[in-house]
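Please work through the following exercises with the sequence and the model at hand. Each task is followed by a worked solution.

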Amino acid sequence: MKNTNNKPGQLKRIPFSEHQIDESNICQQARFVVETLIEANYQAYLVGGCVRDLVLGIEPKDFDVATDAHPEQICELFDNSRLIGRRFRIVHVYFGRNNIEVSTFRAASRHNNKSSKQESTGRIVRDNTFGTIEEDALRRDFTINALYYDIEKSEVLDYCSGYDDLLNKKICMIGDVATRYREDPVRILRALRFRAKLDLDIDAGTEQPIKKLGHLLSDIPPARLFDEVIKLFHSGYAVRCFQELNRYQLLKILFPITHKALKHNESFGLLIHNALENTDTRIAGGKSVNPAFIFSILLWQPYLQLLEQTTKQGIPYAEGAWSAGRTTVLDQSTVTSIPKRFSIMICEIWKLQNRFKRKQGKKILRFLDHPRFRAAYDFMCIRAQAGEIDQADCQWWTKLQTLSTQEQHKMIALKPRKPNKKKT
Ligand code: ATP
Ligand code: MG
């Protein structure tokens with residue numbers, strides 16, 4: 001397919017007859033937000049990943065709207081809205097648990113003024129300089145993410161040849177590639193995620209600086225890296241994303257202790273692979289996934305190494321497991337933060353692994369009722385799959401959960417309860 005390569009900033013309109021987007025994939029709430037803005041005499045378009053996905057015939061997972069209305073003006077129009085963000089001031093319009101992200105057209109930040117701020121490495125830490133739609137297109141990351149959809153005319157607006165790049169299955173950075181990665185190194189992870197998820201190629205020029213600049217990811221605040229890592233592993237293509245991280249030596253930046261442990265332990269690699277495959281299958285089947293699970297897998301070997309030390313020091317298991325768990329999680333948190341609700345769950349999953357060894361006694365019934373039993377059990381199954389524990393042991397626990405209470409008592413060798421003696 002030929003690439004028309006219109007000059008950056010030069011508008012190309014793609015009519016419905018050409019793109020043939022299935023408009024039933026556009027969520028009603030996004031439509032409502034766009035129409036409300038237009039009624040109030042603002043410009044408003046769907047933008048970014050949702051337009052990219054619509055063109056590819058994929059149902060978008062979230063919708064973004066771009067407008068010339070300023071954040072305060074957007075908030076005035078929608079009761080159910082909130083201004084968020086410092087780095088980018090955007091508005092979330094809420095519809096129950098769903099929200100539509102609305103951002104004002106922005107220009108590339110030009111100098112260190114009040115609206116935008118750049119560090120000496122080139123990283124942009126604040127960018128709130130408003131601009132025109134053309135400028136807004138040029139400050140986006142990849143050409144395929146810089147498409148706008150005009151709902152009224154059913155037209156795709158393309159300022160950066162993104163439409164042709166999409167048809168040619170190419171991820172191309174807008175502007176000078178190295179500068180754009182330096183402005184925001186997270187764009188590296190985004191390029192890899194889109195390649196893994198959308199089965200696109202990364203243009204040679206866009207790929208070339210990744211190896212050299214990957215280290216810049218260590219300057220990104222841990223909370224943002226946590227979000228980005230979860231996007232990679234919950235994209236439905238976690239196995240591929242993990243391969244991408246390895247390919248560009250990014251694992252040692254994002255998960256240094258995992259990377260170190262992998263060097264000495266091949267079966268750990270298999271455990272990770274199986275867990276990621278399992279996550280992809282769950283997502284494909286519409287099942288829920290939890291960040292704690294991915295982290296408990298990725299940090300499992302580093303945790304075991306610390307646990308072993310506590311055992312050698314004669315520290316009792318319960319205490320040793322908590323301390324090894326806390327230390328492992330804290331260590332990782334310096335790179336990607338791990339919110340407390342997940343870190344507690346991770347430590348619990350690890351600590352409970354010991355309880356699968358025991359197959360007799362009353363405590364087993366209590367274990368089945370433990371709020372974290374299910375997560376610990378799933379984790380144990382993955383370990384069994386990777387050959388860490390006996391498959392037969394895993395099957396024993398699987399079977400136990402399918403039985404009636406009476407049958408369970410038999411299986412765990414509990415004697416039937418004697419009827420209470422009547423007091424006289
Ligand atoms: P998906 O939502 O499928 O993960 P997306 O491209 O929609 O992918 P979002 O994080 O929802 O990603 O961002 C919406 C749009 O905002 C992007 O398509 C892109 O135009 C712009 N954008 C997001 N992150 C960046 C970034 N780091 N640099 C430049 N533009 C960005
Ligand atoms: Mg999106």
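The exercises below treat the chain as a whole, a ligand site, a helix and some single residues.

**Conventions**

This is a predicted model, in which local features need pLDDT of at least 70 and side-chain atom pairs count only at pLDDT 80 or more, while totals for chains, interfaces and linings use all residues. Residues are numbered from 1 along each chain as its sequence is written, ligands are numbered from 1 in the order in which they are written, and side-chain values use heavy atoms, without hydrogens and water.

**Exercise 1. Describe the chain as a whole.**

Step 1. Count the secondary structure: the chain has 23 helices and twelve strands. Helices (H or I, at least four residues) and strands (E, at least two) are DSSP runs, numbered from the N terminus.

Step 2. Establish the dimensions: the C-alpha trace spans about 90 × 50 × 45 Å along its principal axes.

Step 3. Assess burial: of the 424 residues, 48% are buried. Buried means under 20% relative accessible area, exposed over 50%, and partly exposed in between (1.4 Å probe, protein chains only).

Step 4. Examine the contacts (heavy atoms within 4.5 Å). Among contacts with a separation of 6 or more, 67% join residues 24 or more positions apart.

**Exercise 2. Characterise the surroundings of ligand 1.**

Step 1. List the shell, whose residues each have a heavy atom within 4 Å of the ligand. The shell holds 18 residues, and the closest are Arg 52, Asn 145, Asp 184, Arg 187 and Arg 193.

Step 2. Classify the shell: 14 residues are charged, three polar and one nonpolar. Here Asp, Glu, Lys and Arg count as charged; Ala, Val, Leu, Ile, Met, Phe, Trp, Tyr, Cys and Pro as nonpolar; and the others, Gly among them, as polar.

Step 3. Assign the shell to helices. At least two residues come from each of α3 (49–56), α8 (186–198) and α11 (222–233), and α8 gives the largest share, five residues.

Step 4. Identify polar contacts (here, pairs of N or O atoms within 3.5 Å). A polar side-chain atom of Asp 184 is 2.7 Å from a nitrogen atom of ligand 1. For Arg 187, a side-chain N or O atom lies 2.8 Å from a nitrogen atom of the ligand. Asn 145 instead places a backbone N or O atom 2.8 Å from a ligand oxygen atom.

Step 5. Evaluate the cover: the protein covers 88% of the 590 Å² of accessible area that ligand 1 has on its own, by the Shrake-Rupley method with a 1.4 Å probe.

**Exercise 3. Where do the buried residues of α22 lie on the helix?**

Step 1. Name the residues: in α22 (residues 391–400), Cys 394, Trp 396, Trp 397 and Leu 400 are buried.

Step 2. Look down the axis: these residues fall within an arc of 150°, so they line one face of α22. The arc is that of the directions from the helix axis to the C-beta atoms.

Step 3. Find the partners: the buried residues of α22 pack against α20 (363–368), α21 (373–385) and α23 (405–411).

**Exercise 4. Describe Leu 54, Ser 154 and Lys 169.**

Step 1. Leu 54 belongs to α3 and is buried, at 3% relative accessible area. Not counting residues up to four places away in sequence, Leu 54 touches Ile 21, Asp 22, Asn 25, Ile 26, Leu 46 and Pro 60.

Step 2. Most residues other than glycine have a negative phi. Ser 154 has a positive phi, near 55°, and lies in the loop between β9 (147–150) and β10 (155–158).

Step 3. Lys 169 also has a positive phi, of about 55°, and sits in the loop between α6 (162–167) and β11 (170–171).

Step 4. Ser 154 counts as buried at 15% relative accessibility, whereas Lys 169, at 39%, counts as partly exposed.

Technical notes. Polar contact = N/O pair within 3.5 Å; in protein donor to acceptor, adjacent residues only side chain to side chain.
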